[in-house]
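Ready for a short walk through this structure? Open your viewer, switch to a cartoon view, and follow along one selection at a time.

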Amino acid sequence: MLDIRDGRHPVLDITEPDGTFVPNDTQAGTENKLVLLITGPTMSGKSTYIRQVALITFMAQIGSFVPAREATIGIADRIFARVGASDELSRGQSTFMVEMTETARILNTATDRSLVILDEIGRGTSTFDGLAIAWSVCEHVHDQIGARCLFATHYHQLTDLAADLTRARNLNVAVREYGDDIVFLHRIEEGGTDRSYGIHVARLAGVPMKVLDR
């Protein structure tokens, strides 16, 4: 059981200016919420959200107070995280090989008492290969392992899994559009999304307008 109300990231809540961090609820491991598929734009807070859940769970396991209005957190035998992009070239391992090695460790070791957070599985190979791997990983965690899992992804096709897997649910990070501008609300809502706003984020980063128009 994992029920967090107004949860906050324990580090960012302190480093961000007062009143700017947006708290969010999390329910996982209940009857119909085992695997949470989280879609939404890059920079909108998907990674922050799944990491804060992992940190709150860890803090609860050691008997600490947690940054939340209230929380009910069951025992987790382990917390597994596959986040970020890194390589180990000195050992002959590409970014994608490191990603797959970490994913394999999770799939071979996690139990139904574990918490698993996954961030963008399958992005280091071709689109169809990556989507196929991400899809199958979701099914395996849901059907075979039974672990509480938060899966952040830009593969919008994965939202279809919520219709096939009885304990999978879609979440998305809310965005509001104002003309050509977007505002990230950093609020987690029910349901999936089919947009990542990559071109908008590229514009915010300073990519030349000629490239963006093209």
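Start by selecting Ile117 and Leu150: Ile117 stands opposite Leu150, which belongs to β7. This is a predicted model, so keep that in mind as you go.

Now show the two whole strands, β6 and β7. They pair in the parallel sense, over five bridges. Add the neighbours next: six strands make up an open sheet, in the order β5-β6-β7-β3-β8-β9, with mixed pairing. Color β5 (79-82) and β9 (181-190) to mark the edges, where each strand pairs on one side only. Turn the sheet and look along it: from one strand to the next, the twist averages 15°.

Time to add helices. Select α3, which packs on the sheet and touches β5 and β6. The direction of α3 makes about 155° with that of β5. Then select α4, which lies across β3, β6, β7 and β8 (168-178) and runs at about 165° to β7.

Next, turn on side chains. Which residues touch the most other members of the largest nonpolar core? Among its 24 residues, they are Val116, Leu118 and Phe151. Elements giving two or more residues to this core are β3 (35-39), α3 (95-109), β6 (115-119), α4 (127-145) and β7 (148-152). With six residues, α4 gives the most.

Center on Phe151. Leaving aside residues up to four places away in sequence, Phe151 touches Leu36, Leu37, Ile38, Leu118, Ile121, Ala134, Val137, Cys138 and Leu158.

For a last stop, pick Ala54, Ile73, Leu171 and Val173: they are among the 18 residues of another core, which lies apart from the one around Phe151.

Technical notes. Residues numbered from 1 in each chain as written. Predicted model: local features only at pLDDT ≥ 70, side-chain atom pairs only at ≥ 80, totals over all residues. Heavy atoms only, no water. Core = buried A, V, L, I, M, F, W, Y, C linked by side-chain atoms within 4.5 Å. Buried < 20%, exposed > 50% of the residue type's maximum accessible area, 1.4 Å probe, protein only. Helix = DSSP H or I, 4+ residues; strand = E, 2+ residues; numbered from the N terminus. Contact = heavy atoms within 4.5 Å. Pairing = 2+ DSSP bridges. Axes fitted to C-alpha atoms, helices over the stretch in contact; angles between N-to-C directions.
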